[in-house]
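Here are my notes for someone opening this structure for the first time. Have it on screen and follow the points in order.

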Amino acid sequence: MNAELPTTTGADRKVLAFPHRIGITIDCRDPDSAAAFWERFLGYRRRPHSAGSTYVTVDCPESVAGPPQLTFQRVSEPKTGKARTHLDLFVDHAQPLTRQMLAAGASQVRVTDAGEWTTRVLTDPAGNEFCVIGPD
């Protein structure tokens, strides 16, 4: 079933409702530790939340280009397969950040060399995949 989607024009956009903000939610067993890991490496700041909350959110500071927020959601089931969505971190030098992340509990899955830049696939301490992309 491959129905062709209608295209939109500038006039259509006056009628359509678009989200005013987009966030990314990541399932994990321990939202506090997942948020702490990503706060450290993204420069995001944690929102106040109740102890034991199902959700912990970190917000992007104005000085960082990135998704406006990441929310870590407590789930009971373990991660069982490759996620279809992941974060790509574009950097000027991949090795220093990768070393720091590995020391903080990340694991390296694979490295793909593409000439001028390298893609390193890692997992955060909760097992979620992400990429560090840039020259060594």
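1. Start with Leu-70, which is fully tucked away: its relative accessible area is 0%, so it counts as buried. Keep in mind that this is a predicted model. You'll find Leu-70 in strand β4, which covers residues 69–74.

2. What does Leu-70 touch, once its neighbours within four places in sequence are set aside? The contacts are Ile-24, Leu-42, Tyr-44, Val-56, Thr-57, Val-58 and Leu-87. Take Ile-24 from that list: 46 residues separate Leu-70 and Ile-24 in sequence, yet their C-alpha atoms are 5.0 Å apart in space.

3. Now look for the open sheet. It has 4 strands, in the order β5-β8-β7-β6, and the pairing is mixed. Why do β5 and β6 each have a side without a neighbour in the sheet? Both stand at the edges, β5 at 87–90 and β6 at 107–113, and each has a single partner strand, so one side of each is left open in that sense. Going from one strand to the next, the twist averages 20°.

4. Zoom in on the β6 end of that sheet. β6 pairs with β7 (residues 118–123) in the antiparallel sense, over 6 bridges. If you want one bridge to click on, try Ser-107, whose partner in β7 is Thr-123. Then there's helix α3, residues 94–103, which packs on the sheet and touches β5, β6, β7 and β8 (129–134). The direction of α3 makes about 155° with that of β8.

5. On to charged pairs: how many salt bridges are there? The count comes to 4. One of them joins the side chains of Arg-46 and Asp-32, at 3.1 Å from N to O. Arg-46 sits in strand β2 (residues 45–46) and Asp-32 in helix α2 (residues 31–42), so this pair ties together parts that lie 14 residues apart in sequence.

6. Arg-46 has another partner too: its side chain meets that of Glu-39 in a salt bridge, 3.0 Å from N to O. How accessible are these residues? Arg-46 is partly exposed at 27% relative accessibility, Asp-32 is partly exposed at 28%, and Glu-39 is partly exposed at 22%.

7. A further salt bridge links the side chains of Arg-120 and Asp-136, with 2.8 Å from N to O. Arg-120 belongs to strand β7 and Asp-136 to the segment after β8, so the pair ties together parts 16 residues apart in sequence. Is Arg-120 buried or exposed? Its relative accessibility is 9%, so Arg-120 counts as buried. Asp-136, on the other hand, is partly exposed, with a relative accessible area of 45%. Back to the earlier trio for a moment: salt bridges with shared partners join Asp-32, Glu-39 and Arg-46 into one network.

8. Last, the cysteines. How many disulfides does the count give? The count is 0. Two cysteines to look at are Cys-60 and Cys-131. Cys-60 has a relative accessible area of 19%, and buried means under 20%, so Cys-60 is buried. Cys-131 counts as buried as well, at 9% relative accessibility.

Key:
Residues are numbered from 1 along each chain as its sequence is written. This is a predicted model: local features need pLDDT of at least 70, side-chain atom pairs count only at pLDDT 80 or more; totals for chains, interfaces and linings use all residues. Side-chain values use heavy atoms; hydrogens and water are left out. Two strands pair if DSSP finds at least two bridges between them. Helices (H or I, at least four residues) and strands (E, at least two) are DSSP runs, numbered from the N terminus. Axes are lines fitted to C-alpha atoms, for helices over the stretch in contact, and angles run from 0 to 180 degrees between N-to-C directions. Contact means heavy atoms within 4.5 Å. A disulfide is a pair of cysteine sulfur atoms within 2.5 Å. Buried means under 20% relative accessible area, exposed over 50%, partly exposed in between (1.4 Å probe, protein chains only).
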